[in-house]
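Take a walk through this structure, one stop at a time. Keep the sequence and the 3D view side by side as you read.

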Amino acid sequence: MKKRAKSTYEEFIEDNEQKDLLDKEYKELLLSELLLAAMKHDHISVRKLASAAGVSPTIIQGLRSGSKTNITIDTLSKILDAVGYQIIFTPKSSSEKKCSLV
């Protein structure tokens, strides 16, 4: 039986550093895409969303473009609330947890 050749992606994610980087960038892309879709759906501009969320338009534009990646949970919560979303924390599977709460 022939061994199946690995794809470039499969080889790439075997490297833990590369996999961690990919996971981080994917999460950033998701937020950017969520904002773009919500703003398009609601026909809301960067300035209107910033005003509704009580944040600077620079923050909204940075999140949309992916250049702003480090914001507080409070700021993220305000922005998501303004576009009709909320933050929900759920536990990872036990194999993914890095520490346990006592």
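Arg 4 is exposed, because its relative accessible area is 61% and the cut-off for exposed is over 50%. Keep in mind that this is a predicted model. Arg 4 has a partner in Glu 10: the two form a salt bridge, and their closest N and O atoms are 2.8 Å apart. Glu 10 has a relative accessibility of 26%, so it counts as partly exposed. Why can such a pair form? Side chains of opposite charge can pair when their charged atoms come close.

How many salt bridges does the structure hold? There are 4. Another of them joins the side chains of Lys 6 and Glu 14, with 2.3 Å from N to O. Lys 6 is partly exposed, as its relative accessible area is 45%.

Now move to helix α2, which spans residues 16–42. Here Asp 23 forms a salt bridge with Lys 19. The closest N and O atoms of this pair are 3.3 Å apart. Both residues lie in α2, and they sit 4 residues apart, about one turn of the helix. Asp 23 is partly exposed because its relative accessible area is 32%. Lys 19, at 34% relative accessibility, is also partly exposed.

Two further lysines belong to this helix. Lys 24 lies in α2, and at 46% relative accessibility it counts as partly exposed. Lys 27 is found in α2 too. Is Lys 27 buried or exposed? Its relative accessibility is 57%, so it counts as exposed. Both lysines can be used to gauge distances to later parts of the chain. Lys 24 and Thr 90 are 66 residues apart along the chain, and their C-alpha atoms are separated by 18 Å. Lys 27 and Ile 88 are 61 residues apart along the chain, with 15 Å between their C-alpha atoms.

Stay on the surface for a moment. Which residues form a nonpolar patch there? They are Tyr 26, Leu 29 and Leu 30. Together they have about 310 Å² of accessible area. Leu 30 is found in α2. It counts as partly exposed because its relative accessibility is 42%.

Next comes Ser 32, again in helix α2. Ser 32 is buried, with a relative accessible area of just 7%, and the cut-off for buried is under 20%. What does Ser 32 touch, not counting residues up to four places away in sequence? It touches Leu 63, Arg 64 and Ser 65. With Arg 64 there is some detail to see. A polar atom of the Ser 32 side chain lies 2.5 Å from the backbone oxygen of Arg 64.

Now look inside. The largest nonpolar core has 12 residues, among them Leu 35, Ala 38, Met 39, Leu 63, Ile 79 and Val 83. Three helices each supply at least two residues of this core: α2, α3 (46–53) and α4 (57–65). Which helix gives the largest share? It is α3, with 4 residues. Ala 50 is one of the core residues. Leaving aside neighbours within four places in sequence, Ala 50 is in contact with Val 55, Ser 56, Pro 57 and Ile 60. Val 55 and Ile 60 are members of the core as well.

Between α2 and α3 there is a loop, and His 43 lies in it. His 43 has a positive phi of about 50°, although it is not a glycine. Why is that worth a look? Most residues other than glycine have a negative phi. His 43 counts as exposed, because its relative accessibility is 72%.

The last stop is helix α5, residues 73–82, where Thr 75 lies. Thr 75 has a relative accessibility of 15%, so it counts as buried. Its side chain meets that of Thr 72 in a polar contact of 2.9 Å. Leaving aside neighbours within four places in sequence, Thr 75 is also in contact with Val 55 and Ile 59. Val 55 thus returns here: it belongs to the core, and it is in contact with Ala 50 and with Thr 75.

Key
Residues numbered from 1 in each chain as written. Predicted model: local features only at pLDDT ≥ 70, side-chain atom pairs only at ≥ 80, totals over all residues. Heavy atoms only, no water. Core = buried A, V, L, I, M, F, W, Y, C linked by side-chain atoms within 4.5 Å. Buried < 20%, exposed > 50% of the residue type's maximum accessible area, 1.4 Å probe, protein only. Contact = heavy atoms within 4.5 Å. Patch = residues over 30% accessible without salt bridge, like charges linked within 9 Å, V, L, I, M, F, W, Y side chains within 5 Å. Areas by Shrake-Rupley, 256 points an atom, 1.4 Å probe, with all protein chains shown as cover. Polar contact = N/O pair within 3.5 Å; in protein donor to acceptor, adjacent residues only side chain to side chain.
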